[in-house]
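This report introduces selected features of the structure shown below. It turns to a sheet, a helix and a single residue in succession.

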Amino acid sequence: AQALESIGIDAIVIQGSEAGGHRGSFEQSLPENRLTTEQLFNQTYPLINVPLIVAGGITTPELAKNYIQKGASAVQLGTAFLTTHESGAPEVHKEGILKAHPDDIILTNTFSGRYANGIINPFIQYMEQFKDDICPYPIQNILTQPLRGQSKKLKNKDYMNLWCGTNPEGAKDESVRALMERYHKAIKS
């Protein structure tokens, strides 16, 4: 964050380990210490003077308000938008998120070669035994593309990448407007 600030970045997004989907880095390996959003915020906020945007695990309006009160300029939601009525995510993906529990989420590179948090399914379970042989991105992504595409057509969640944050319980079956109103109300109160 300090290096980014030193080259004139206007704002910095920090992404904790709870974030759904792909990591905000193309680094193929994972750091030994994957910091939570709270740990990242607590380490970063005192050291920088540009707006800080917090991402990863923002699952409730109250949590968003907490980060704003602690000094974040904004929060970034991901998984919460996937289950909205306006989302282009397949219905089977939305249903998976709405039924998921934290224990159902795994960090995997089996679909794309890049690490991402998603809902465990038979494809991930099978491929995890070969995790040392997964091709790097974009090769793995290209190899699994036909499988993922056909699975979406067939509405078969067993072979789809069901990206999801580690705390899916904050996602609701609602409109984007309702989602934003919930967060806006909590932050402004």
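## The sheet

In this predicted model, 3 strands make up an open sheet, arranged in the order E2-E6-E5 with antiparallel pairing. The edges are occupied by strand E2 (21-22) and strand E5 (105-108); each has a single partner strand, so one side of each has no neighbour in the sheet.

Strand E6 covers residues 116-119 and is joined to E2 by 2 bridges, the two strands running antiparallel. Within this arrangement, Gly 21 is placed opposite Asn 117 in E6.

## Helix H5 and its cover

Helix H5 spans residues 91-99, and its buried residues are Val 92, His 93, Lys 94, Gly 96 and Ile 97. Among the elements that cover these buried residues of H5 are helix H4 (79-82) and E6. Strand E6 thus appears in two settings: it pairs with E2 in the sheet, and it is included in the cover of the buried residues of H5.

## Thr 144 and its surroundings

Thr 144 belongs to helix H7, which comprises residues 139-154. Because its relative accessibility is 5%, and buried means under 20%, Thr 144 counts as buried.

Leaving aside residues up to four places away in sequence, Thr 144 touches Thr 110, Phe 111 and Phe 123. With Phe 111 there is also a polar approach: a polar atom of the Thr 144 side chain lies 2.5 Å from the backbone oxygen of Phe 111. Tyr 159 is 15 residues from Thr 144 along the chain, and the C-alpha atoms of these two residues are separated by 9.2 Å.

Terms used:
Residues are numbered from 1 along each chain as its sequence is written. This is a predicted model: local features need pLDDT of at least 70, side-chain atom pairs count only at pLDDT 80 or more; totals for chains, interfaces and linings use all residues. Side-chain values use heavy atoms; hydrogens and water are left out. Helices (H or I, at least four residues) and strands (E, at least two) are DSSP runs, numbered from the N terminus. Buried means under 20% relative accessible area, exposed over 50%, partly exposed in between (1.4 Å probe, protein chains only). Contact means heavy atoms within 4.5 Å. A polar contact is a pair of N or O atoms within 3.5 Å; within protein, one must be able to donate a hydrogen and the other to accept it, and residues adjacent in sequence count only if both atoms are side-chain atoms. Two strands pair if DSSP finds at least two bridges between them.
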